[in-house]
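Please read this report with the model open beside it. The text moves from the ligand shell to the backbone, then to the strands and the core.

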Amino acid sequence: METLPGVTLRRRTCCSDDDPKSSHGAKILKDFGIKPHPPSASREPAVVHRYQNPYNAAWDGKACGKTMIDVAVLPTWLDAAVLADAQVVILDVLRASSTIVTALANGAAEVRLFANPEAVRTARQAWPAAEAQAITGGERGCLKISGFDLGNSPVEYTPDVVSGATVLLSTTNGTRAALAVRGARDIYIGGLLNAEATAAALLANLDRGHTLLVAAGTDGKVALEDVLGAGAILWHILESTYRADLALTDTAWLAYHAFGSVKKRLPAALRLGAGGQNLIRAGLESDIDRCAALNSQPIVAQAHGDPPRVMRSQK
Ligand code: MLT
């Protein structure tokens with residue numbers, strides 16, 4: 001029987017010990033004086049677990065929970081109507097998610113997300129002197145924004161630079177994706193660095209509403225690394241639960257299987273995507289290895305408010 005972590009997918013096709021068609025099974029039933037089951041045509045099909053796509057018209061709604069786990073391969077794929085009742089993860093593996101997670105893991109008090117550099121400059125100018133230090137960070141075209149303290153490379157966000165500080169961040173796609181899901185019940189920032197920790201935070205609330213993993217993409221195009229990051233989180237969710245009633249959409253299964261196929265060679269896989277190629281062209285190839293380091297920063301990064309303030313959660 002084919003198995004995946006926590007999942008058994010195929011129908012039972014062989015006879016088991018309680019199957020009257022099996023001679024061994026028949027002998028056990030006879031020894032214990034138990035009548036065989038009626039013919040199999042009148043019995044429930046011997047499906048061990050049934051995972052169904054809730055978007056599929058054939059879904060009968062009986063075997064699945066009422067909530068679903070979905071991957072939006074771009075923010076524009078989101079169904080805004082379900083946000084208020086959903087827990088959402090924003091994924092920009094190269095590199096906004098990885099930079100935010102690294103900054104928090106290295107002691108930043110919070111990371112505030114802004115749509116554009118002007119909004120960062122305004123926030124910095126209005127920053128109260130009495131508050132802890134504010135650091136400006138972000139990129140356009142992968143490169144540091146003029147006049148900003150830091151770019152968007154996780155290696156810049158070291159403990160000696162960010163400890164205790166608030167980072168004011170704007171990136172091309174990642175921070176905008178986070179702004180697009182304002183209004184969701186819970187918002188997390190996830191990536192390969194914190195996939196397992198993020199999965200653990202999601203697990204507790206899988207039944208409260210939908211779980212949406214939102215890939216930031218690059219300039220409106222699907223980004224391989226973001227889908228792999230979503231797959232990594234799904235991998236850890238399915239590995240940690242034996243629940244048979246989880247309903248994954250087909251894009252969620254695609255992400256899951258994509259991650260499974262490259263999980264032992266993530267740095268190489270990330271180099272082959274357009275985002276990886278952009279970083280290589282910008283002379284930032286070493287960032288790819290940094291962002292591909294699966295579960296190397298085991299923290300939960302949760303966003304609250306507007307503009308979103310991302311903080312390390314104790315979950
Ligand atoms: C983005 O938000 O578009 C990315 O993080 C770009 C980058 O790699 O700096």
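**Ligand shell**

This is a predicted model. The residues around the ligand are Asp92, Leu94, Arg95, Ala96, Glu139, Cys142, Asn152, Thr171, Thr172, Asn173 and Gly174. By class, the shell splits into three nonpolar, five polar and three charged residues.

Two shell members carry backbone features that deserve a look. Arginine 95 is one of the residues around the ligand, and a cis peptide bond joins leucine 94 to arginine 95. Arginine 95 sits in the loop between β4 and α2 (96-105). Cysteine 142 also belongs to the shell. Its phi is positive, near 75°, and cysteine 142 is not a glycine.

**Backbone features**

The table lists the cis peptide bonds and the positive phi values described here.

| Residue(s) | Feature | Value | Loop |
|---|---|---|---|
| Leucine 94 and arginine 95 | cis peptide bond | omega about 5° | between β4 and α2 (96-105) |
| Aspartate 306 and proline 307 | cis peptide bond | omega about 5° | proline 307 between β12 and β13 (309-313) |
| Cysteine 142 | positive phi | near 75° | between β6 (134-140) and β7 (143-144) |
| Aspartate 219 | positive phi | about 50° | between β10 (211-215) and α7 (224-240) |

Is cysteine 142 buried or exposed? Cysteine 142 is buried, because 20 other C-beta atoms lie within 10 Å and the cut-off for buried is 20 or more. Is aspartate 219 buried or exposed? Aspartate 219 has 8 C-beta neighbours inside 10 Å, so it counts as exposed. The limit for exposed is 12 or fewer.

**Strands around β9**

Strand β9 covers residues 186-190. Four of its five residues are buried. β9 pairs with two strands described here. Strand β4 (residues 87-91) runs parallel to β9, and five bridges join them. Strand β12 (residues 300-304) pairs with β9 in the antiparallel sense, over three bridges.

Tyrosine 188 takes part in both pairings. In β9, tyrosine 188 is the bridge partner of valine 89. Tyrosine 188 also stands opposite glutamine 302 in β12.

Histidine 304 is found in β12 as well. Which exposure class does histidine 304 fall into? Histidine 304 has 12 other C-beta atoms within 10 Å, so it is exposed. Its C-alpha atom is separated by 8.0 Å from that of aspartate 186. Along the chain, histidine 304 and aspartate 186 are 118 residues apart.

**Nonpolar core**

The largest nonpolar core has 85 residues. Those with the most contacts inside it are Val88, Ile90, Ile100 and Val214. Helix α7 gives the most to this core, with ten residues.

What does valine 88 touch beyond its neighbours within four places in sequence? Valine 88 is in contact with Leu83, Val181, Ala184, Asp186, Ile187, Leu212 and Val214. Val214 is thus a contact of valine 88 and is listed beside Val88 among the residues with the most core contacts.

**Whole chain**

The chain has eleven helices and 13 strands. Of its 315 residues, 42% count as buried. Consider the contacts with a separation of 6 or more: residues 24 or more positions apart account for 77% of them.

Definitions and conventions: Residues numbered from 1 in each chain as written. Predicted model: local features only at pLDDT ≥ 70, side-chain atom pairs only at ≥ 80, totals over all residues. Near = placed C-beta within 6 Å. Nonpolar A, V, L, I, M, F, W, Y, C, P; charged D, E, K, R; others polar. Pairing = 2+ DSSP bridges. Core = buried A, V, L, I, M, F, W, Y, C linked by C-beta atoms within 7 Å. Contact = placed C-beta atoms within 7 Å.
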